[in-house]
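Subject: Structure for you to look at

Hello,

Here is the structure I said I would pass on. Please open it next to this email.

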Amino acid sequence: MELIDNRCLCGAEDSRVLFPERIDWSQVSAYEFSARRRRRVQHYRLLRCNACGLVRSDPVLSDADLAALYRGSQFLYQQESGFAARTYAALVTRYLALLPAAGQVRLVEIGCGNGAFLEEMLGRGVHTLGGVEPSVQAVAHASERVRSAIVNRCFCPGLFSPETFDVVCAFHVLDHLRAPGEFVRECFRILRKRGIMVLICHDVDALVNRVSGEYSPVFDVEHIFLFNSATLRSVAESCGFILRGEGRVRNTYPLSYWLRYAPIVQGFAGRLPLPIQRIPVTMYAGNIYLCAQKE
Ligand SMILES: [Zn+2]
């Protein structure tokens, strides 16, 4: 595996080190690039840009290494995917009113995993669905209703024709990319006039992450850029988008899911009676969203 330099999106060179690299390279495998895996504290050197405040990993693995790791990543979140899908679908549905009234809605999700969100959107006035997902295993877990709509590969410029979609969604994708600016520009290109982009990512400056420091799950070998609401807005606006909405995401998951991230009670969670483990709990978990429109 090969490490390459990673500059800030704003081009400034002046940064400060948040944490030095903490990676056991002999342990880095596709498993470490699987969402919702059992986590160890493992991250690249982390820097914060003194000019724009964006947090980034530097140096990072090359594009070819990352593509191979995500392609081989495991699908470990069947149960949680339905919960996340309903949260995301409720958010996106709120913004469908921004689209031109007449016409059929064409939506694509980049990084769609097993397509749970796409399925959720089937019943919400969306006419045509598309998905892009690099993980072979995740796509194999997609239901018959959406699998044929998913392209099993990494998203890249030119994959779709210009002005193909009315809605482009990417949830917890932007932080994993080597070139998030290029990604957002490509979202702009494939959207039709007045189309919307909805992004969700970690908020590096959320209270929960500031308190946890290096032990926060956001400081992870999977994450290359880490945004806050200001840097997320900036990347969207620099690509020509008009901001239509932003805020914190309220996530709903079973109690057992939340307890996995609580260091002290982690081991105890599995011993709770199943009906208690399955109780849905809604809270802010340090995630932010942004909705922006192409005029
Ligand atoms: Zn910067």
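Below is what was found in it, from the overall fold down to single residues.

Please keep in mind that this is a predicted model.

**Overall**

The protein has 11 helices and 13 strands. Its C-alpha trace spans about 55 × 50 × 35 Å along the principal axes. The radius of gyration is 19 Å, which agrees with the value near 19 Å for a compact globule of 295 residues. Buried residues make up 39% of the 295. Take the contacts between residues at least 6 apart in sequence: 76% of them join residues at least 24 apart.

**The seven-stranded sheet**

This sheet is open, and its pairing is mixed. The strand order is β8-β7-β6-β9-β10-β13-β12. β8 and β12 are the edge strands, each paired on one side only. Helix α6 packs on the sheet and touches β9 and β10. The direction of α6 makes about 150° with that of β10.

Inside the sheet, β6 and β9 run parallel and are joined by three bridges. One pair to look at is leucine 107 and its bridge partner in β9, valine 167.

**Helix α8**

α8 lies across β10, β12 and β13. Its direction runs at about 30° to β13. Which residues of α8 are buried? They are Thr231, Leu232, Val235 and Ala236, in a helix that covers residues 229-238. These four sit on the same side of α8, because they cover an arc of only 140° around the axis. Their cover includes α6 (180-190), β10 (191-202), β12 (242-254) and β13 (280-293). Glycine 240 follows α8 and has a positive phi, near 105°.

**The core**

The largest nonpolar core has 75 residues. Val168, Met197, Val198 and Leu199 touch the most other members. β10 gives the most to this core, with seven residues. In soluble globular proteins, nonpolar side chains tend to be buried together.

What does methionine 197 contact, leaving aside neighbours within four places in sequence? Its contacts are Val168, Cys187, Leu191, Phe241 and Ala292.

**Leucine 99**

Leucine 99 lies in the loop between α2 (78-95) and β6 (105-110). Is leucine 99 buried or partly exposed? It counts as partly exposed, because it has 17 C-beta neighbours inside 10 Å, and buried would take 20 or more. Residues up to four places away aside, leucine 99 touches Val105, Asp166, Arg194 and Ile196. Leucine 99 and isoleucine 196 are 97 residues apart along the chain, yet their C-alpha atoms are separated by 7.5 Å.

**The four-stranded sheet and α1**

A second open sheet to check has four strands in the order β2-β3-β4-β11. Its pairing is antiparallel. The edge strands here are β2 (15-19) and β11 (225-226), each paired on one side only. Three bridges join β3 (residues 46-49) to β4 (residues 55-57). Among the partners, leucine 46 is matched with serine 57 in β4.

After β4 comes a spot worth a look. Proline 59 is in the loop between β4 and β5. The peptide bond joining aspartate 58 and proline 59 is cis, with omega about 0°.

Helix α1 covers residues 63-71, and Leu66, Leu69 and Tyr70 are its buried residues. They lie on the same side of α1, because their arc around the axis is only 95°. β5 (60-61) is included in what covers them.

**Positive phi away from glycine**

Most residues other than glycine have a negative phi, and most peptide bonds are trans. Two residues to inspect on the phi side:

- Glutamate 163 has a positive phi, near 55°. It is in the loop between β8 (150-151) and β9 (165-171). With 13 C-beta neighbours inside 10 Å, glutamate 163 counts as partly exposed.
- Histidine 172 has a positive phi of about 55°. It lies in the loop between β9 and α6. Histidine 172 also counts as partly exposed, with 18 C-beta neighbours inside 10 Å.

Best wishes

How values were computed. Residues numbered from 1 in each chain as written. Predicted model: local features only at pLDDT ≥ 70, side-chain atom pairs only at ≥ 80, totals over all residues. Buried ≥ 20, exposed ≤ 12 C-beta atoms within 10 Å, placed from the backbone. Helix = DSSP H or I, 4+ residues; strand = E, 2+ residues; numbered from the N terminus. Arc of directions from axis to C-beta. Contact = placed C-beta atoms within 7 Å. Pairing = 2+ DSSP bridges. Rg over C-alpha atoms; globule rule 2.2 N^0.38 Å. Core = buried A, V, L, I, M, F, W, Y, C linked by C-beta atoms within 7 Å. Axes fitted to C-alpha atoms, helices over the stretch in contact; angles between N-to-C directions.
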